[in-house]
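Reader: Could you walk me through this structure, starting with side-chain contacts and then moving out to the whole chain?

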Amino acid sequence: MRRGDNQASDVRGRQRQHWQTTYAAHPAMYGTAPSDPAQYAIGLFGRGGVVDLLELGAGQGRDTVWFLHAGLTVTALDYAEGALRELRHVAEANRVGAKLTTIVHDVRQPLPLSDRSVDGVYSHMLFNMALSTAELVDLAGEVHRVLRPGGLLVYTVRHTRDAHYRAGISHGDNMFENGGFIVHFFDRSLVDRLAAGFTMLDFAEFEEGELPRRLWRVTLRRDQGR
(Lines give C-alpha, C1' and ligand atoms only; values in the text may rest on other atoms or scores of the structure.)
Protein backbone atom coordinates (compact mmCIF):
# COMPACT_ATOMS: atom_id res chain seq x y z
CA MET A 1 0.00 0.00 0.00
CA ARG A 2 1.36 3.45 -0.92
CA ARG A 3 1.94 6.14 1.71
CA GLY A 4 -1.01 8.16 0.36
CA ASP A 5 -3.23 5.10 0.64
CA ASN A 6 -2.17 4.64 4.27
CA GLN A 7 -2.95 8.26 5.06
CA ALA A 8 -6.38 8.00 3.43
CA SER A 9 -7.12 4.81 5.37
CA ASP A 10 -6.08 6.49 8.64
CA VAL A 11 -8.35 9.48 7.98
CA ARG A 12 -11.31 7.25 7.19
CA GLY A 13 -10.52 5.02 10.14
CA ARG A 14 -10.83 7.97 12.51
CA GLN A 15 -14.48 8.28 11.54
CA ARG A 16 -15.29 5.51 14.01
CA GLN A 17 -14.13 7.58 16.97
CA HIS A 18 -15.93 10.63 15.59
CA TRP A 19 -19.21 8.72 15.43
CA GLN A 20 -18.72 7.27 18.91
CA THR A 21 -18.07 10.74 20.35
CA THR A 22 -21.09 12.19 18.54
CA TYR A 23 -23.43 9.44 19.72
CA ALA A 24 -22.20 9.83 23.30
CA ALA A 25 -22.88 13.56 23.20
CA HIS A 26 -26.31 13.16 21.59
CA PRO A 27 -28.07 10.02 22.93
CA ALA A 28 -31.07 10.49 20.62
CA MET A 29 -29.58 12.53 17.81
CA TYR A 30 -31.94 11.17 15.13
CA GLY A 31 -35.08 11.11 17.26
CA THR A 32 -37.37 8.16 17.89
CA ALA A 33 -39.73 8.26 14.91
CA PRO A 34 -39.01 5.82 12.05
CA SER A 35 -37.50 7.26 8.89
CA ASP A 36 -39.54 7.30 5.68
CA PRO A 37 -37.43 4.50 4.13
CA ALA A 38 -37.97 2.37 7.25
CA GLN A 39 -41.73 2.78 6.95
CA TYR A 40 -41.48 1.79 3.29
CA ALA A 41 -39.29 -1.22 4.18
CA ILE A 42 -41.67 -2.44 6.89
CA GLY A 43 -44.46 -2.67 4.34
CA LEU A 44 -42.23 -4.29 1.74
CA PHE A 45 -40.81 -6.82 4.18
CA GLY A 46 -44.27 -7.71 5.40
CA ARG A 47 -45.47 -8.43 1.87
CA GLY A 48 -42.24 -10.25 1.03
CA GLY A 49 -42.32 -12.65 3.98
CA VAL A 50 -39.16 -11.28 5.61
CA VAL A 51 -38.70 -12.65 9.15
CA ASP A 52 -34.96 -12.44 9.85
CA LEU A 53 -33.54 -8.98 9.13
CA LEU A 54 -29.97 -7.70 9.14
CA GLU A 55 -29.62 -3.95 9.68
CA LEU A 56 -26.31 -2.36 8.72
CA GLY A 57 -25.33 0.81 10.56
CA ALA A 58 -28.22 0.65 13.01
CA GLY A 59 -26.84 3.44 15.19
CA GLN A 60 -29.05 4.21 18.19
CA GLY A 61 -31.96 2.34 16.63
CA ARG A 62 -34.23 5.01 15.21
CA ASP A 63 -35.51 2.44 12.70
CA THR A 64 -34.56 -0.79 14.45
CA VAL A 65 -37.17 -0.53 17.20
CA TRP A 66 -39.92 -0.17 14.60
CA PHE A 67 -38.74 -3.28 12.76
CA LEU A 68 -38.97 -5.11 16.08
CA HIS A 69 -42.47 -3.73 16.71
CA ALA A 70 -43.42 -5.05 13.26
CA GLY A 71 -42.50 -8.57 14.46
CA LEU A 72 -39.14 -8.96 12.72
CA THR A 73 -36.13 -10.64 14.31
CA VAL A 74 -33.30 -8.13 13.87
CA THR A 75 -29.53 -8.46 13.92
CA ALA A 76 -28.25 -4.88 14.23
CA LEU A 77 -24.65 -4.05 13.29
CA ASP A 78 -22.77 -0.84 14.00
CA TYR A 79 -19.17 -0.02 14.80
CA ALA A 80 -20.11 2.41 17.59
CA GLU A 81 -20.54 0.31 20.73
CA GLY A 82 -22.19 3.15 22.65
CA ALA A 83 -24.90 3.49 20.01
CA LEU A 84 -25.75 -0.20 20.22
CA ARG A 85 -25.84 0.03 24.00
CA GLU A 86 -28.45 2.79 23.70
CA LEU A 87 -30.36 0.70 21.15
CA ARG A 88 -30.53 -2.28 23.52
CA HIS A 89 -31.76 0.01 26.31
CA VAL A 90 -34.51 1.47 24.11
CA ALA A 91 -35.55 -1.97 22.83
CA GLU A 92 -35.85 -3.32 26.36
CA ALA A 93 -37.82 -0.25 27.44
CA ASN A 94 -40.21 -0.92 24.54
CA ARG A 95 -40.45 -4.64 25.47
CA VAL A 96 -39.10 -5.77 22.08
CA GLY A 97 -35.55 -6.65 23.12
CA ALA A 98 -36.08 -10.42 22.95
CA LYS A 99 -35.86 -10.43 19.15
CA LEU A 100 -32.83 -8.14 18.94
CA THR A 101 -29.19 -9.13 18.53
CA THR A 102 -26.54 -6.41 18.41
CA ILE A 103 -23.01 -6.87 17.08
CA VAL A 104 -20.20 -4.34 17.11
CA HIS A 105 -18.76 -4.64 13.62
CA ASP A 106 -16.84 -2.68 10.99
CA VAL A 107 -18.38 -3.41 7.58
CA ARG A 108 -14.96 -3.16 5.95
CA GLN A 109 -14.59 -6.70 7.32
CA PRO A 110 -16.66 -9.75 6.24
CA LEU A 111 -20.14 -9.78 7.76
CA PRO A 112 -20.34 -12.01 10.87
CA LEU A 113 -23.23 -14.11 9.55
CA SER A 114 -23.38 -17.41 7.73
CA ASP A 115 -24.29 -17.83 4.07
CA ARG A 116 -27.95 -17.42 3.14
CA SER A 117 -28.96 -16.77 6.75
CA VAL A 118 -31.30 -13.74 6.51
CA ASP A 119 -34.43 -12.85 4.56
CA GLY A 120 -33.75 -9.13 4.33
CA VAL A 121 -31.06 -6.47 4.72
CA TYR A 122 -31.74 -2.81 5.48
CA SER A 123 -29.38 0.15 5.63
CA HIS A 124 -30.21 3.85 5.94
CA MET A 125 -27.12 5.75 4.74
CA LEU A 126 -24.52 3.20 5.95
CA PHE A 127 -23.33 2.84 2.35
CA ASN A 128 -22.57 6.59 2.44
CA MET A 129 -19.96 6.18 5.15
CA ALA A 130 -16.21 6.64 4.54
CA LEU A 131 -15.97 3.49 2.44
CA SER A 132 -13.98 3.32 -0.79
CA THR A 133 -15.63 2.06 -3.95
CA ALA A 134 -13.70 -1.20 -3.62
CA GLU A 135 -14.94 -1.61 -0.03
CA LEU A 136 -18.52 -0.93 -1.14
CA VAL A 137 -18.25 -3.59 -3.84
CA ASP A 138 -16.97 -6.05 -1.23
CA LEU A 139 -19.81 -5.09 1.14
CA ALA A 140 -22.44 -5.62 -1.57
CA GLY A 141 -20.93 -9.03 -2.20
CA GLU A 142 -21.16 -9.85 1.51
CA VAL A 143 -24.81 -8.76 1.57
CA HIS A 144 -25.47 -11.05 -1.39
CA ARG A 145 -23.74 -13.89 0.45
CA VAL A 146 -25.79 -13.63 3.66
CA LEU A 147 -29.15 -13.12 1.92
CA ARG A 148 -31.25 -16.14 1.07
CA PRO A 149 -32.16 -16.46 -2.63
CA GLY A 150 -35.08 -14.11 -3.28
CA GLY A 151 -34.15 -12.07 -0.19
CA LEU A 152 -34.62 -8.30 -0.18
CA LEU A 153 -32.15 -5.45 0.24
CA VAL A 154 -33.26 -1.87 0.90
CA TYR A 155 -30.60 0.80 1.24
CA THR A 156 -30.45 4.58 0.98
CA VAL A 157 -27.62 6.86 -0.11
CA ARG A 158 -26.96 10.54 -0.60
CA HIS A 159 -26.12 11.18 -4.23
CA THR A 160 -24.20 13.57 -6.42
CA ARG A 161 -27.03 16.10 -6.64
CA ASP A 162 -26.92 16.62 -2.86
CA ALA A 163 -25.96 20.14 -1.72
CA HIS A 164 -22.87 18.87 0.11
CA TYR A 165 -21.44 17.07 -2.91
CA ARG A 166 -18.05 18.62 -3.74
CA ALA A 167 -18.29 20.82 -0.64
CA GLY A 168 -15.82 20.68 2.25
CA ILE A 169 -12.64 18.61 2.23
CA SER A 170 -12.19 16.19 -0.65
CA HIS A 171 -10.87 12.70 0.17
CA GLY A 172 -11.12 11.42 -3.40
CA ASP A 173 -13.42 8.70 -4.74
CA ASN A 174 -16.45 11.05 -4.45
CA MET A 175 -15.88 11.38 -0.67
CA PHE A 176 -16.19 14.81 0.95
CA GLU A 177 -15.90 15.85 4.59
CA ASN A 178 -18.27 18.34 6.23
CA GLY A 179 -18.51 18.95 9.96
CA GLY A 180 -16.09 16.12 10.64
CA PHE A 181 -18.18 13.51 8.79
CA ILE A 182 -16.97 11.95 5.54
CA VAL A 183 -19.71 11.07 3.05
CA HIS A 184 -19.27 8.92 -0.05
CA PHE A 185 -21.73 10.40 -2.56
CA PHE A 186 -23.19 7.95 -5.07
CA ASP A 187 -23.71 8.34 -8.79
CA ARG A 188 -26.04 6.04 -10.68
CA SER A 189 -23.18 3.98 -12.09
CA LEU A 190 -22.14 2.97 -8.57
CA VAL A 191 -25.70 1.92 -7.74
CA ASP A 192 -25.71 -0.26 -10.85
CA ARG A 193 -22.31 -1.72 -10.02
CA LEU A 194 -23.43 -2.77 -6.54
CA ALA A 195 -26.52 -4.44 -8.01
CA ALA A 196 -24.54 -7.35 -9.49
CA GLY A 197 -26.34 -10.58 -8.56
CA PHE A 198 -29.56 -8.70 -7.74
CA THR A 199 -32.68 -7.60 -9.57
CA MET A 200 -33.66 -3.95 -9.19
CA LEU A 201 -37.23 -3.76 -7.89
CA ASP A 202 -37.48 -0.03 -7.15
CA PHE A 203 -35.37 3.11 -7.39
CA ALA A 204 -36.74 6.28 -5.81
CA GLU A 205 -35.46 9.75 -4.94
CA PHE A 206 -36.43 11.49 -1.71
CA GLU A 207 -35.32 14.27 0.63
CA GLU A 208 -34.66 14.21 4.36
CA GLY A 209 -33.64 16.64 7.09
CA GLU A 210 -31.94 19.96 6.70
CA LEU A 211 -30.52 21.40 3.43
CA PRO A 212 -32.39 19.05 2.68
CA ARG A 213 -30.27 15.95 2.11
CA ARG A 214 -31.04 14.40 -1.28
CA LEU A 215 -31.09 10.62 -1.34
CA TRP A 216 -31.90 7.57 -3.40
CA ARG A 217 -33.77 4.59 -1.97
CA VAL A 218 -32.71 1.39 -3.70
CA THR A 219 -34.66 -1.88 -3.49
CA LEU A 220 -33.03 -5.08 -4.73
CA ARG A 221 -33.92 -8.77 -4.72
CA ARG A 222 -31.19 -11.38 -4.56
CA ASP A 223 -31.21 -13.50 -7.69
CA GLN A 224 -32.22 -17.12 -7.20
CA GLY A 225 -29.50 -18.82 -9.17
CA ARG A 226 -26.34 -17.07 -7.95
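**Charges over rings**

Author: Arg-217 lies over the face of Tyr-40, 3.5 Å from the ring centre; a charge counts as over a ring if NZ of Lys or CZ of Arg is within 6 Å of the ring centre and within 35 degrees of the ring normal. This is a predicted model, in which local features need pLDDT of at least 70 and side-chain atom pairs count only at pLDDT 80 or more, while totals for chains, interfaces and linings use all residues. Residues are numbered from 1 along each chain as its sequence is written, and side-chain values use heavy atoms, with hydrogens and water left out.

Reader: And which ring does Arg-188 lie over?

Author: Arg-188 lies over the face of Phe-203, at 4.1 Å from the ring centre.

Reader: Which side chain meets Arg-188 in a salt bridge?

Author: That partner is Asp-192, at 3.0 Å from N to O, where a salt bridge is a side-chain nitrogen of Lys or Arg within 4 Å of a carboxyl oxygen of Asp or Glu. Both Arg-188 and Asp-192 lie in helix H7, 4 residues apart, which is about one turn of the helix; helices (H or I, at least four residues) and strands (E, at least two) are DSSP runs, numbered from the N terminus. Arg-188 counts as partly exposed at 36% relative accessibility, and Asp-192 is partly exposed with a relative accessible area of 42%. For these labels, buried means under 20% relative accessible area, exposed over 50%, and partly exposed in between, with a 1.4 Å probe and protein chains only.

Reader: How many salt bridges does the structure hold?

Author: The structure holds 13 salt bridges. In one of them, the side chains of Asp-119 and Arg-148 meet at 2.6 Å, N to O. Asp-119 lies in strand S4 (residues 118-124) and Arg-148 in strand S5, so this pair ties together parts that are 29 residues apart in sequence. Asp-119 is buried, with a relative accessible area of 17%, whereas Arg-148 counts as partly exposed at 29%.

Reader: Which residues are joined into one network by salt bridges that share partners?

Author: Start from Arg-214, which forms a salt bridge with Glu-205, the closest N and O atoms being 3.1 Å apart. Arg-214 is partly exposed at a relative accessible area of 27%, and Glu-205 counts as partly exposed at 38%. Through shared partners, salt bridges join Arg-161, Glu-205, Glu-207 and Arg-214 into one network.

Reader: Switching to the rings, how many aromatic pairs are there?

Author: The count comes to 8 aromatic pairs. Rings of Phe, Tyr and Trp (its six-membered ring) pair if their centres lie within 6.5 Å, and planes under 30 degrees apart count as stacked, over 60 as edge-to-face and the rest as tilted. Tyr-155 and Phe-186 form a tilted pair, 6.4 Å centre to centre with 55 degrees between the planes. Tyr-155 lies in strand S5 (residues 147-158) and Phe-186 in the loop between strand S8 (181-184) and helix H7 (188-194), so the pair ties together parts that are 31 residues apart in sequence.

Reader: Are those two rings buried or exposed?

Author: Tyr-155 is buried, with a relative accessible area of 1%, and Phe-186 is buried too, at 0%. Another tilted pair is formed by Phe-203 and Trp-216, at 5.1 Å centre to centre and 50 degrees between the planes. This pair links Phe-203 in strand S9 (residues 198-208) with Trp-216 in strand S10 (residues 213-222), 13 residues apart. Phe-203 counts as partly exposed at 28% relative accessibility, whereas Trp-216 is buried at 5%.

Reader: Which residues form one aromatic cluster?

Author: Phe-45, Phe-67 and Tyr-122 do.

Reader: Now helix H6, please: what should its residues span, and what is the distance between its ends?

Author: At 1.5 Å a residue, the 14 residues of helix H6 (residues 133-146) should span 20 Å, and the end C-alpha atoms are 20 Å apart, which agrees. The expected span is 1.5 Å times one less than the number of residues in the helix. Among the buried residues in H6 are Thr-133, Leu-136, Glu-142 and His-144.

Reader: And the chain as a whole?

Author: The protein chain has 7 helices and 10 strands, and of its 226 residues 47% count as buried. Among contacts (heavy atoms within 4.5 Å) between residues at least 6 apart in sequence, 70% join residues at least 24 apart.
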